[in-house]
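Work through the exercises below with the model open. Each task is followed by a stepwise solution.

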Amino acid sequence: MVHLAIGTLALESGDQLPDVTVAVQCWGEPSPELDNIVLIEHALTGDSHVVGPADDVHPTPGWWEGMVGPGAPIDTDEWCVLVTNVLGSCRGTTGPASTAPDGQAWGSRFPAISVRDQVETERVLADKLGIDRFAAVVGGSLGGMRALEWIIGHPDRIASALLLAVSPRATADQIGGHTAQIDVIAADVNWHGGDYYGTGTSPDNGLNIARRFAHLTYRGAAALDDQFENAAQKGEDIWNGGRYAVHSYLDYCANKLVATFDAGSFVALTHCANKHDVGRGRGGIAAALSSTAVPTIVGAIDSDRIMPLHQIVEMAELLPGCDGTRIVNSPAGHDGFLTEFEWVTGLMDETLTLARAARANR
């Protein structure tokens, strides 16, 4: 991983964010023409570490193991894969925990950011790297929001796209769930209005509970019931203070995130997801979607409890470069874009076929 400085970033809100640094990882070799570069966009608590073991820099293993590498669906013998850590995160790119110009952590002073600001960060980075066009942009969930913003805001710089588990705007249901998660963190006595950095404490309890609620929406209801039913956790008595098995599972998932992620970034990125609306300032969603001709593959999971299937289908119908939604029947829920490997592999092959055609026609 390398850290690249891109200077001051002009934000959609009108604010300026100085001294922005972006964490970047790369797999494969760029072609002399830089026309084989695939940009992968990670989800909310992901990072630039798509594949590889955990190490001193990356607290968790790659989040898309098997998808990138020699002979993998994104074959690095052919493609060069570029992944940035998103603006607002805590995994190397400037975020609330980063040091502001006064030498203190940004904390509550970190400005409100949007998905467009995150894409603008990558656009500036691409300019600095001399990349005028990506062969493909690929993303799911919050990463899918950025991929969608790329093809609408900069269609001339994207040859093909794969959008997974993403709709064109945040829904009231999403915003309601997200704001409840934010409020739980803010209610933690160690939140200190977002300025807990340097206090020796952090709002771990708030983040833990927020993550439990979030994780329930990531998994499909049927998948959870198939796995846990109403069983007690092994060795525990629900009549005497013991946990249910699903409770234990959520404890594990939440504790894992608390150990590896920052609450300030979780809040900043959740606020960012709430602002997602490709139609803002573009004449509405239909006008925005119809304005891009980028060849695009759209994938949806039928049991997704976050991204409404009807919205994704309507989005695909409005994208001129898309020939319909690829829907997978899966109990996995929203996380299907990570776990339904065979389905995603097929969609990736379609996307890279489009990318090859674009390279051949340049």
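**Exercise 1: two helices that cross**

The crossing of α1 and α2 is right-handed. The model is a predicted one. Task: find the angle at which the axes of α1 and α2 cross, and classify the arrangement.

Solution.
- Step 1. Locate the elements: helix α1 covers residues 115–129, and helix α2 covers residues 142–153.
- Step 2. Their axes come within 9 Å and cross at roughly 65°.
- Step 3. Angles of 65 to 115 degrees count as roughly perpendicular. Therefore α1 is roughly perpendicular to α2.
- Step 4. List the contact. From α1 come Val 115, Arg 116, Gln 118, Val 119, Glu 122 and Arg 123. They meet Leu 142, Met 145, Arg 146, Glu 149 and Trp 150 of α2.
- Step 5. Sort these residues by class: 5 are nonpolar, 1 is polar and 5 are charged.

**Exercise 2: the sheet**

Task: in what order do the strands of the open sheet lie, and which strands are at its edges?

Solution.
- Step 1. The open sheet has 8 strands, in the order β1-β2-β6-β3-β7-β8-β9-β10. Its pairing is mixed.
- Step 2. β1 (2–10) and β10 (325–328) are the edge strands, as each pairs on one side only.
- Step 3. From one strand to the next, the twist averages 25°.
- Step 4. Add a helix. α2 lies across β3, β7, β8 (161–164) and β9 (296–301). It runs at about 145° to β7.

**Exercise 3: strand β3**

Task: which strands are joined to β3 by bridges, and are the faces of β3 covered or open?

Solution.
- Step 1. Take strand β6 (residues 80–84). It runs parallel to β3, and 4 bridges join the two. Within this pair, Ile 40 stands opposite Val 83 of β6.
- Step 2. Take strand β7 (residues 136–140). Here too β3 has 4 bridges and a parallel partner. Glu 41 has Gly 139 of β7 as its bridge partner.
- Step 3. Check burial: 5 of the 5 residues in β3 (residues 37–41) are buried.
- Step 4. Split by face. Ile 37, Leu 39 and Glu 41 are on one side, with Val 38 and Ile 40 on the other. Both faces are covered.

**Exercise 4: a second helix pair**

Task: at what angle do α3 and α7 pack, and how far apart are their axes?

Solution.
- Step 1. Helix α3 (residues 172–186) packs on helix α7 (residues 263–274) at about 160°, with the axes 10 Å apart.
- Step 2. Angles over 145 degrees count as roughly antiparallel. So α3 is roughly antiparallel to α7.
- Step 3. The crossing is left-handed.
- Step 4. Residues of α3 in the contact include Ile 175, His 178, Ile 182 and Ile 185. Among those of α7 are Phe 266, Val 267, Thr 270 and His 271.
- Step 5. The contact has 7 nonpolar, 7 polar and no charged residues.

**Exercise 5: a loop residue**

Task: is Thr 76 buried or exposed, and which residues does Thr 76 touch?

Solution.
- Step 1. Thr 76 sits in the loop between β5 (74–75) and β6.
- Step 2. Buried means under 20% relative accessible area. Thr 76 has 12% relative accessibility, so Thr 76 counts as buried.
- Step 3. Leaving out residues up to four places away in sequence, Thr 76 touches Trp 27, Gly 28, Glu 29, Val 68, Gly 69, Pro 70 and Val 81.

Key
Residues are numbered from 1 along each chain as its sequence is written. This is a predicted model: local features need pLDDT of at least 70, side-chain atom pairs count only at pLDDT 80 or more; totals for chains, interfaces and linings use all residues. Side-chain values use heavy atoms; hydrogens and water are left out. Buried means under 20% relative accessible area, exposed over 50%, partly exposed in between (1.4 Å probe, protein chains only). Two strands pair if DSSP finds at least two bridges between them. Axes are lines fitted to C-alpha atoms, for helices over the stretch in contact, and angles run from 0 to 180 degrees between N-to-C directions. Angles under 35 degrees count as roughly parallel, over 145 as roughly antiparallel, 65 to 115 as roughly perpendicular and the rest as oblique. A crossing is left-handed if the near helix is turned anticlockwise from the far one by less than a right angle, and right-handed if clockwise. Contact means heavy atoms within 4.5 Å. Ala, Val, Leu, Ile, Met, Phe, Trp, Tyr, Cys and Pro count as nonpolar, Asp, Glu, Lys and Arg as charged, and the others, Gly among them, as polar.
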